[in-house]
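Welcome! Take a moment to look over the sequence and the fold below, and then let us walk through a few parts of it together.

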Amino acid sequence: MLERYKTRDLPQGLEPLVEMALDLRWTWNHRADELWNQLDPVLWKLIRNPWLILQTVSVAHLNALAQNGEFLARIAEVHNLWSQEDHAPSWYSQHHGRSPLRTVAYFSMEFGLSESLPIYAGGLGILAGDHLKSAEDLGVPLVGVGLLFQKGYFRQVVNSQGEQIESYPYNDPDSLPISPLRGSTGQWLRIPIPLPGRTLILRVWQVRLGMTTLYLLDSNDPVNTPMDRGITGELYEGGREMRLVQEMVLGIGGYRVLHALGIDVNVLHINEGHPAFAILERAHAWMVREKIQDFHHALQVTRAGNVFTTHTPVPAGFDAFDPALFHQFFSLYQKEWNLTDKELLGLGRMNPDDDKEPFNMARLAIAGSGFINGVSRIHGSVSRKIFSPLFERWPVEEVPVTHITNGIHTLSWDSLVSDAFWSEKVPKRRLHRDGSPEPAQEILAASDESLWELRMKNRISMLEGVQRHLVRQRSVRGESAPLPFLDPNALYIGLARRFTSYKRPNLLLFDHERLIRILSHPDRPVRILVAGKAHPQDTAGKGFIQEWVHFASDPRTHGTVFFLSDYDMNVAQTLVGGIDLWVNCPRRPWEASGTSGMKVLVNGGLNCSIRDGWWEEAFRPEVGWAIGDDTSFEDPSRDQRDAEDLYRILEQEVVPDFYDRDERGIPVRWISRVRASMATLTPVYSTDRMVREYLERAYLPAAEAYESRQANGGAQARGIDAWKEHLDRNWEGIRFGSQTVQESAEGHLIECPVWLGEIAPEDVRVEVYANAPGGGPPFRKAMDRTKTLSGARNGFVFRATVPGDRPVGDYTLRVIPFHEGVKVPLEYHRILWQH
């Protein structure tokens, strides 16, 4: 119910503006832009928050607009178009409308939807926001759950000495495009959460994106203690206790919101480990529904419908909590869930028997999920290594972590110029979104002239935004000197990201003199736009910022390097809209995916990056440049080698390709890369493709698996429980006999007797296994049971023919569990190898 602003306060005819201002579709659907601009052009350009504009515009101006027939007609037109979009058949309804999927609940600690709702810190939140937007575009039945932070992440001021200063302005809910979530009787929905010695009350807000809703929990209710009101105060700040409680609010409180609203969730998606307590609350809700006391059985049912996406490339990046602190806050829940202290803590430990091991949120997410993925091909491999200790004796290649590479919501990150360009060239593809990764043939066919004009317009628009930002930035520092000339014909390099050591934001500064020579060429000018924040506790990151500011202050670089402070979504949209070359220099393989470089694709920007994350998959010489090689080792000379390669690329390839022009004044080699990058990479590295991949690989199978397990009071899950218990009791009774090998034209024919003891042959699978030469997927083949061994209980001869192009000694036999509908080794990881 949208009751933030009484429609009677608006003149007749303007009432739809309330609904439209509270529908964040305006962040990517530009049909209403001119309406907000007419309400207040200065404020619209400055803050781009229609809801705040609607509250601050004068009554006289509203009355005047209410008499403007063209304005009223435009309101009606946009409102009707949005309504038609809401009720038109979606891609999902046309292709998967009869699937068992009812609702996906997507939980994330942060969401980056718009700068008008600043409840994000960086890439994780931006990805979550883009995920929701593409779900709306495709019609996937999905709701988001997060926290309404009163201050969010810090805002940055950089003084003239290059020192970062953090500020924490208050997010006034009255100025945010959100509305209170009210129950059927009109009361504000409040969710109680037990904490030690008290009950925390959480208010619930909603954010609308067309037919998709994001629910936000807020502890800043006057009924709470002053300290508890600050639980949803700052994002990624405070000590371990504050982080634990925030994650309890998100996971437990968030799932209780869905339950209170009666939303029928059959797939739960955990975006990083922060919300993993939702897994426990979901299992508990199923216990209550079925009136049972067995938490493990409930988890066996519900985990089939849980999806966990990890974004972390190092084990230290996962949240972990001291056992004493965990017990302090979860003793009440432990009793409610009918779990012992050891059982509950064991769900979040690598070694459940280690009483001193902290409770790890990623470990919990794995223990309670049926699908796990990293966010790029490299990150999937890294994650398999990180989690391999959980799957003892299993080859790392078979650790059950796959990958779905991240993307970006292209309609949120294209410039207005690019939006018009794509709409003209590929109108049907823009209107009927289906997540297809196929190249845009119309862009491949675009002329050199049209692409170069697009790039020039985008660059000029970017520089106008950069100039406005720099003017405000200098006024904050009390500087009055005029801005240096921002040459619209120069080559602009962008470098914007979180400033921390592994991202190496200062690799370009490795050799100051060489970089100065590149920047100061009289005929081929190069400019660098830099932006980024360092975490308040990251001293090294702050030092990187200071080094860039000092470099930009050098008289020899005057007017060639600009540091844009307070990097946020608005600054990012300005930069990616017009930058020529986006540079990214992380230490491989620590960049899980990286999405900043994806955002330039739709606008015709090019990438020059280390081959890590998404760029390892995307790079081809015809679409951009790769720095260094594809190895993942570190040594003292690595930075120097990568820096020298980056300088070489700039000097010998980037700058010449940009400035070598034909008789039309067009850089043909540059535009060739622009064309290939735009047409082939933009469709692939979009959240439309990503969400479609989640739907088809994770959500639909998870919904089907959950429905099977929960049917008939969880009968299938009870069978799985009994199967596991039986194998646990009798696994040690399995043994191999001596194998024989016969050579044939088909390959090696391997036979081996196997005694299964008390285990039925249908409950296991005997396989031949071999590592893949040079890496890659291993060879696996199930062996056929050919005959029964006389005089033995469950003794059988197993046979398989395997390729003869490698020595028979490369092959090893093994026994693994098998049960229809059970994911092995994710849900049960016993394994026995032939000695």
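## A helix and its surroundings

The buried residues of helix 23 pack against strand 3 (155-158), strand 4 (164-167), strand 15 (491-496), helix 22 (512-519), strand 16 (526-531) and strand 17 (561-564). Please keep in mind that this is a predicted model.

Which residues of helix 23 are buried? They are Gly-541, Ile-545, Trp-548, Val-549, Phe-551 and Ala-552. Looking down the axis of helix 23, you would find these buried residues within an arc of 165 degrees, so they line one face of the helix. As a general background, an α-helix has 3.6 residues a turn, so residues three or four places apart point the same way.

The length of helix 23 fits too: its 15 residues (539-553) should span 21 Å at 1.5 Å a residue, and the end C-alpha atoms are 21 Å apart, which agrees. At the start of this helix, a side-chain oxygen of Asp-538 comes to within 3.3 Å of the backbone nitrogen of Ala-540.

## The sheet

Strands 15, 16 and 17 also belong to an open sheet of six strands, in the order 17-16-15-18-19-20, with parallel pairing. Its edge strands are strand 17 and strand 20 (624-627), each of which pairs on one side only. On average, neighbouring strands of this sheet are turned by 20 degrees against each other, direction ignored.

Strand 16 and strand 17 run parallel and are joined by four bridges; in strand 17, Phe-563 is the bridge partner of Val-530. Two helices that touch strands of the sheet are set out here.

| Helix | Strands touched or crossed | Direction |
|---|---|---|
| Helix 24 (residues 569-578) | strand 15, strand 16, strand 17, strand 18 (581-584) | about 160 degrees to strand 16 |
| Helix 26 (residues 638-659) | strand 15, strand 16, strand 18, strand 19 (606-610), strand 20 | about 165 degrees with strand 20 |

## A hairpin

Strand 22 (residues 740-744) and strand 23 (residues 747-755) pair in the antiparallel sense over five bridges. The hairpin that joins strand 22 to strand 23 does so through two residues. Gln-742 has Leu-749 as its bridge partner in strand 23.

## One arginine

Finally, meet Arg-669, which sits in helix 27 (residues 668-681). How exposed is Arg-669, and what is its relative accessible area? Arg-669 is partly exposed because its relative accessible area is 42%, a value between the cut-offs of 20% for buried and 50% for exposed. Leaving aside residues up to four places away in sequence, Arg-669 touches Pro-656, Asp-657 and Asp-660. Pro-656 is 13 residues from Arg-669 along the chain, and their C-alpha atoms are separated by 9.3 Å.

Technical notes: Residues numbered from 1 in each chain as written. Predicted model: local features only at pLDDT ≥ 70, side-chain atom pairs only at ≥ 80, totals over all residues. Heavy atoms only, no water. Expected span 1.5 Å × (residues − 1). Buried < 20%, exposed > 50% of the residue type's maximum accessible area, 1.4 Å probe, protein only. Arc of directions from axis to C-beta. Contact = heavy atoms within 4.5 Å. Polar contact = N/O pair within 3.5 Å; in protein donor to acceptor, adjacent residues only side chain to side chain. Pairing = 2+ DSSP bridges. Axes fitted to C-alpha atoms, helices over the stretch in contact; angles between N-to-C directions.
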